[in-house]
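Got your viewer open? Keep the sequence panel beside it, and let's walk through this model one selection at a time.

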Amino acid sequence: MIRLLRSLTFFAALIVFWEYGSRSGWWPPLLVPSPAEVGKFLTAKLTDGELLRACATTVQRLLLGYVIGLALGIPLGLLTARFKFLSDTLGVGALGLQTLPSVCWVPLALLWFKQTEAAMLFIVVMGTLWAVLLATDHGIRQIPPIYRRAAATLGSSGIHLLRHVLLPASLPHIVSGTKQGWAFAWRSLMAAEIFVVIPSTLSLGHMLHMGREVLAMEQVAAIMFVILIIGFAADKALFSP
(Lines give C-alpha, C1' and ligand atoms only; values in the text may rest on other atoms or scores of the structure.)
Protein backbone atom coordinates (compact mmCIF):
# COMPACT_ATOMS: atom_id res chain seq x y z
CA MET A 1 0.00 0.00 0.00
CA ILE A 2 2.84 2.40 0.84
CA ARG A 3 4.50 1.72 -2.51
CA LEU A 4 1.21 2.36 -4.31
CA LEU A 5 0.66 5.65 -2.48
CA ARG A 6 4.24 6.70 -3.22
CA SER A 7 3.78 5.99 -6.94
CA LEU A 8 0.40 7.75 -7.10
CA THR A 9 1.79 10.79 -5.29
CA PHE A 10 4.74 11.00 -7.67
CA PHE A 11 2.63 10.84 -10.83
CA ALA A 12 0.02 13.22 -9.43
CA ALA A 13 2.77 15.74 -8.68
CA LEU A 14 4.18 15.25 -12.17
CA ILE A 15 0.79 15.94 -13.76
CA VAL A 16 0.29 19.05 -11.60
CA PHE A 17 3.72 20.35 -12.59
CA TRP A 18 2.96 19.62 -16.26
CA GLU A 19 -0.37 21.45 -16.10
CA TYR A 20 1.17 24.42 -14.28
CA GLY A 21 3.97 24.65 -16.83
CA SER A 22 1.46 24.59 -19.68
CA ARG A 23 -0.69 27.32 -18.14
CA SER A 24 2.40 29.43 -17.37
CA GLY A 25 3.61 29.25 -20.97
CA TRP A 26 6.89 27.51 -20.22
CA TRP A 27 6.62 25.66 -23.53
CA PRO A 28 4.58 26.12 -26.74
CA PRO A 29 1.11 24.52 -26.36
CA LEU A 30 1.30 23.34 -29.98
CA LEU A 31 4.29 21.16 -29.13
CA VAL A 32 3.50 20.15 -25.52
CA PRO A 33 -0.24 19.94 -24.80
CA SER A 34 -1.53 20.29 -21.26
CA PRO A 35 -2.90 17.31 -19.31
CA ALA A 36 -6.35 18.91 -19.50
CA GLU A 37 -6.25 18.87 -23.32
CA VAL A 38 -5.05 15.26 -23.31
CA GLY A 39 -7.86 14.35 -20.92
CA LYS A 40 -10.45 16.05 -23.13
CA PHE A 41 -9.27 14.09 -26.15
CA LEU A 42 -9.38 10.79 -24.26
CA THR A 43 -12.87 11.52 -22.96
CA ALA A 44 -14.15 12.40 -26.43
CA LYS A 45 -12.67 9.30 -28.06
CA LEU A 46 -13.90 7.04 -25.29
CA THR A 47 -17.39 8.52 -25.66
CA ASP A 48 -17.62 7.96 -29.42
CA GLY A 49 -16.02 4.49 -29.11
CA GLU A 50 -13.09 5.13 -31.46
CA LEU A 51 -10.45 4.62 -28.78
CA LEU A 52 -11.93 1.31 -27.64
CA ARG A 53 -12.08 0.02 -31.23
CA ALA A 54 -8.48 1.08 -31.81
CA CYS A 55 -7.35 -0.62 -28.59
CA ALA A 56 -9.19 -3.81 -29.50
CA THR A 57 -7.60 -3.93 -32.96
CA THR A 58 -4.09 -3.26 -31.67
CA VAL A 59 -4.28 -5.73 -28.78
CA GLN A 60 -5.70 -8.43 -31.06
CA ARG A 61 -2.83 -8.00 -33.52
CA LEU A 62 -0.32 -7.93 -30.69
CA LEU A 63 -1.56 -11.10 -29.02
CA LEU A 64 -1.75 -13.05 -32.28
CA GLY A 65 1.75 -12.10 -33.40
CA TYR A 66 3.16 -12.64 -29.92
CA VAL A 67 1.65 -16.12 -29.55
CA ILE A 68 2.96 -17.14 -32.97
CA GLY A 69 6.40 -15.79 -32.01
CA LEU A 70 6.35 -17.86 -28.81
CA ALA A 71 5.12 -20.96 -30.64
CA LEU A 72 8.05 -20.71 -33.05
CA GLY A 73 10.73 -19.28 -30.76
CA ILE A 74 10.61 -21.75 -27.87
CA PRO A 75 10.87 -24.97 -30.00
CA LEU A 76 13.56 -23.42 -32.19
CA GLY A 77 15.49 -22.36 -29.08
CA LEU A 78 15.31 -25.92 -27.78
CA LEU A 79 16.62 -27.23 -31.10
CA THR A 80 19.52 -24.76 -31.31
CA ALA A 81 20.53 -25.70 -27.76
CA ARG A 82 20.39 -29.41 -28.61
CA PHE A 83 22.08 -29.55 -32.03
CA LYS A 84 25.48 -28.05 -32.77
CA PHE A 85 24.69 -27.49 -36.45
CA LEU A 86 21.59 -25.41 -35.67
CA SER A 87 23.49 -23.50 -33.02
CA ASP A 88 26.18 -22.55 -35.55
CA THR A 89 23.65 -21.56 -38.22
CA LEU A 90 20.22 -20.59 -36.95
CA GLY A 91 21.53 -19.51 -33.55
CA VAL A 92 24.13 -17.18 -35.03
CA GLY A 93 21.54 -15.77 -37.43
CA ALA A 94 19.09 -15.17 -34.58
CA LEU A 95 21.77 -13.31 -32.62
CA GLY A 96 22.23 -10.90 -35.51
CA LEU A 97 18.55 -10.54 -36.34
CA GLN A 98 17.65 -9.72 -32.74
CA THR A 99 19.70 -6.53 -32.96
CA LEU A 100 17.86 -5.46 -36.12
CA PRO A 101 15.37 -2.63 -35.38
CA SER A 102 11.76 -3.67 -35.95
CA VAL A 103 11.19 -0.91 -38.48
CA CYS A 104 13.71 -2.59 -40.80
CA TRP A 105 11.16 -5.36 -41.44
CA VAL A 106 8.57 -2.87 -42.71
CA PRO A 107 9.87 -2.52 -46.32
CA LEU A 108 10.03 -6.30 -46.71
CA ALA A 109 6.56 -6.73 -45.25
CA LEU A 110 5.13 -4.12 -47.63
CA LEU A 111 6.82 -5.71 -50.64
CA TRP A 112 5.76 -9.24 -49.75
CA PHE A 113 2.29 -8.72 -48.25
CA LYS A 114 1.25 -5.19 -49.37
CA GLN A 115 -0.98 -3.11 -47.07
CA THR A 116 -2.59 -6.09 -45.34
CA GLU A 117 -2.98 -7.66 -41.91
CA ALA A 118 -0.42 -10.27 -42.97
CA ALA A 119 2.21 -7.54 -43.18
CA MET A 120 1.36 -6.43 -39.62
CA LEU A 121 1.55 -10.00 -38.37
CA PHE A 122 4.88 -10.65 -40.08
CA ILE A 123 6.51 -7.60 -38.46
CA VAL A 124 5.26 -8.50 -34.97
CA VAL A 125 6.39 -12.12 -35.29
CA MET A 126 9.83 -11.04 -36.48
CA GLY A 127 10.08 -8.69 -33.52
CA THR A 128 9.19 -11.44 -31.04
CA LEU A 129 10.74 -14.60 -32.44
CA TRP A 130 14.46 -13.99 -32.09
CA ALA A 131 14.40 -12.75 -28.48
CA VAL A 132 12.40 -15.79 -27.39
CA LEU A 133 14.61 -18.19 -29.36
CA LEU A 134 17.82 -16.83 -27.84
CA ALA A 135 16.41 -16.77 -24.30
CA THR A 136 15.31 -20.41 -24.58
CA ASP A 137 18.65 -21.45 -26.04
CA HIS A 138 20.52 -19.61 -23.28
CA GLY A 139 18.29 -21.10 -20.59
CA ILE A 140 18.93 -24.67 -21.71
CA ARG A 141 22.70 -24.07 -21.88
CA GLN A 142 22.77 -22.66 -18.34
CA ILE A 143 21.35 -25.84 -16.78
CA PRO A 144 23.99 -27.48 -14.53
CA PRO A 145 25.26 -30.72 -16.15
CA ILE A 146 24.58 -32.62 -12.93
CA TYR A 147 20.82 -32.30 -13.63
CA ARG A 148 21.15 -34.18 -16.90
CA ARG A 149 23.39 -36.85 -15.41
CA ALA A 150 21.13 -37.37 -12.42
CA ALA A 151 18.08 -37.63 -14.65
CA ALA A 152 19.85 -40.06 -16.97
CA THR A 153 20.85 -42.20 -13.98
CA LEU A 154 17.18 -42.39 -13.00
CA GLY A 155 16.23 -43.46 -16.52
CA SER A 156 14.98 -40.16 -17.93
CA SER A 157 15.61 -39.40 -21.59
CA GLY A 158 14.05 -37.88 -24.68
CA ILE A 159 10.70 -36.14 -24.19
CA HIS A 160 10.57 -37.07 -20.50
CA LEU A 161 13.94 -35.39 -19.89
CA LEU A 162 12.85 -32.31 -21.81
CA ARG A 163 9.49 -31.99 -20.08
CA HIS A 164 10.45 -32.79 -16.49
CA VAL A 165 14.05 -31.58 -16.24
CA LEU A 166 15.21 -29.22 -18.97
CA LEU A 167 12.13 -27.01 -19.34
CA PRO A 168 11.55 -26.50 -15.59
CA ALA A 169 15.24 -25.79 -15.00
CA SER A 170 15.39 -23.24 -17.82
CA LEU A 171 12.02 -21.63 -17.01
CA PRO A 172 13.45 -18.42 -15.44
CA HIS A 173 15.39 -17.68 -18.63
CA ILE A 174 12.42 -18.53 -20.84
CA VAL A 175 10.09 -16.26 -18.85
CA SER A 176 12.65 -13.47 -19.10
CA GLY A 177 12.77 -14.04 -22.86
CA THR A 178 9.00 -13.98 -23.19
CA LYS A 179 8.88 -10.67 -21.33
CA GLN A 180 11.55 -9.23 -23.60
CA GLY A 181 9.68 -10.64 -26.59
CA TRP A 182 6.52 -8.87 -25.42
CA ALA A 183 8.35 -5.53 -25.34
CA PHE A 184 9.78 -6.15 -28.80
CA ALA A 185 6.33 -7.16 -30.07
CA TRP A 186 4.90 -3.83 -28.87
CA ARG A 187 7.63 -1.86 -30.61
CA SER A 188 7.25 -3.89 -33.78
CA LEU A 189 3.49 -3.42 -33.86
CA MET A 190 3.72 0.34 -33.44
CA ALA A 191 6.16 0.51 -36.36
CA ALA A 192 3.83 -1.69 -38.39
CA GLU A 193 0.69 0.33 -37.64
CA ILE A 194 2.39 3.62 -38.45
CA PHE A 195 3.76 2.53 -41.83
CA VAL A 196 1.31 -0.19 -42.91
CA VAL A 197 -1.94 1.73 -43.35
CA ILE A 198 -5.20 -0.19 -43.71
CA PRO A 199 -7.83 2.55 -44.28
CA SER A 200 -10.80 0.52 -43.08
CA THR A 201 -9.17 -0.36 -39.73
CA LEU A 202 -8.60 1.97 -36.79
CA SER A 203 -5.68 1.22 -34.48
CA LEU A 204 -3.53 2.96 -31.87
CA GLY A 205 -0.55 3.23 -34.20
CA HIS A 206 -2.73 4.71 -36.93
CA MET A 207 -4.19 7.28 -34.51
CA LEU A 208 -0.67 8.14 -33.34
CA HIS A 209 0.43 8.67 -36.94
CA MET A 210 -2.63 10.79 -37.79
CA GLY A 211 -2.04 12.98 -34.75
CA ARG A 212 1.48 13.68 -35.95
CA GLU A 213 0.28 14.41 -39.48
CA VAL A 214 -2.20 17.09 -38.38
CA LEU A 215 0.00 18.40 -35.52
CA ALA A 216 -2.57 17.32 -32.92
CA MET A 217 -0.11 16.83 -30.10
CA GLU A 218 -2.87 16.15 -27.56
CA GLN A 219 -3.82 13.13 -29.67
CA VAL A 220 -0.20 11.95 -29.85
CA ALA A 221 0.26 12.33 -26.08
CA ALA A 222 -3.07 10.62 -25.36
CA ILE A 223 -2.28 7.60 -27.51
CA MET A 224 1.18 7.32 -25.95
CA PHE A 225 -0.49 7.35 -22.53
CA VAL A 226 -2.90 4.58 -23.58
CA ILE A 227 -0.01 2.47 -24.90
CA LEU A 228 1.81 2.90 -21.59
CA ILE A 229 -1.28 1.87 -19.62
CA ILE A 230 -1.82 -1.26 -21.73
CA GLY A 231 1.85 -2.20 -21.41
CA PHE A 232 1.81 -1.68 -17.65
CA ALA A 233 -1.39 -3.69 -17.22
CA ALA A 234 -0.03 -6.54 -19.34
CA ASP A 235 3.21 -6.64 -17.35
CA LYS A 236 1.32 -6.83 -14.04
CA ALA A 237 -1.21 -9.39 -15.30
CA LEU A 238 1.07 -11.70 -17.33
CA PHE A 239 4.64 -11.43 -16.08
CA SER A 240 4.57 -10.29 -12.45
CA PRO A 241 2.87 -13.50 -11.26
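## The whole chain

Start with a cartoon view and follow the chain from its beginning: the pattern reads α-α-α-α-α-α-α-α-α-α. That comes to 10 helices and zero strands. Zoom out and turn it around: along its principal axes, the C-alpha trace spans about 75 × 50 × 30 Å. Of the chain's 241 residues, 40% count as buried.

Keep in mind that this is a predicted model, so colour it by pLDDT next. The chain has a mean of 87, and 100% of its residues reach 70 or more. Which helix has the highest confidence, and which the lowest? Helix α3 (residues 50-82) is highest at 92, while α1 is lowest at a mean of 84.

## Into the core

Now show side chains and select Leu 51, Trp 182, Trp 186, Leu 204, Ile 223 and Val 226. These belong to the largest nonpolar core, which has 29 residues, and they are the ones that touch the most other members. Colour the contributing helices if you like: α2, α3, α6 (117-141), α8 (158-195), α9 (204-213) and α10 each give two or more residues to this core. Which of them gives the most? That would be α10, with 10 residues.

## The largest pocket

Switch on a surface and look for the largest pocket, with a volume of about 790 Å³. To centre your view, select Phe 11, Ile 15, Phe 225, Leu 228 and Ile 229: of the 18 lining residues, these are the closest to the pocket's centre. The elements that supply two or more lining residues are α1 (2-23), α2 (35-48) and α10 (217-239). Here α1 gives the most, with eight residues.

Try colouring the lining by residue type. You should find 15 nonpolar residues, one polar and two charged.

While you're here, notice that α10 turns up twice on this tour: it gives the most to the largest nonpolar core, and it is also among the elements lining the largest pocket.

## A closed space

Hide the surface and look for enclosed space instead. How many cavities of 30 Å³ or more does the structure hold? It holds one. The largest cavity has a volume of about 40 Å³.

To find it, select Arg 61, Met 120, Glu 193, Val 196, Val 197, Ile 198, Thr 201, Ser 203 and His 206, which line it. That lining divides into four nonpolar residues, three polar and two charged.

## Two loops with a twist

Next, go to the loop between α5 (105-113) and α6, and pick Lys 114. Check its backbone: Lys 114 has a positive phi of about 60°, although it isn't a glycine. Is its side chain buried or exposed? Lys 114 counts as exposed because its relative accessible area is 53%, above the 50% cut-off.

Then jump to the loop between α9 and α10, where you'll find Leu 215. Leu 215 also isn't a glycine, and it has a positive phi of about 55°. With a relative accessible area of 52%, Leu 215 is exposed.

## Far in sequence

Time to use the distance tool. Pick Pro 199, in the loop between α8 and α9. Pro 199 is exposed, at 76% relative accessibility. Now add Gln 115: the two are 84 residues apart in sequence, and their C-alpha atoms are 9.3 Å apart in space.

For another pair, go to Ile 68 in helix α3. Ile 68 is partly exposed, at 28% relative accessibility. Draw a line from there to Phe 122: C-alpha to C-alpha, Ile 68 and Phe 122 are 9.8 Å apart in space, with their positions 54 residues apart in sequence.

## Last stop: the cysteines

Finish with Cys 55 and Cys 104. Which is buried, and which is partly exposed? Cys 55 is buried, with a relative accessible area of 16%, so it falls under the 20% limit. Cys 104 is partly exposed, at 37%. And how many disulfides are there to draw? The count comes to zero, taking a disulfide as a pair of cysteine sulfur atoms within 2.5 Å.

Note on methods
Residues numbered from 1 in each chain as written. Predicted model: local features only at pLDDT ≥ 70, side-chain atom pairs only at ≥ 80, totals over all residues. Heavy atoms only, no water. Buried < 20%, exposed > 50% of the residue type's maximum accessible area, 1.4 Å probe, protein only. 1 Å grid on protein atoms, 1.4 Å probe; cavity = no way out; pocket = protein on both sides within 12 Å on 5 of 7 lines; lining within 4 Å. Points joined across faces, edges and corners; volume = space filled by probe spheres on them. Helix = DSSP H or I, 4+ residues; strand = E, 2+ residues; numbered from the N terminus. Nonpolar A, V, L, I, M, F, W, Y, C, P; charged D, E, K, R; others polar. pLDDT = per-residue confidence, 0-100. Core = buried A, V, L, I, M, F, W, Y, C linked by side-chain atoms within 4.5 Å.
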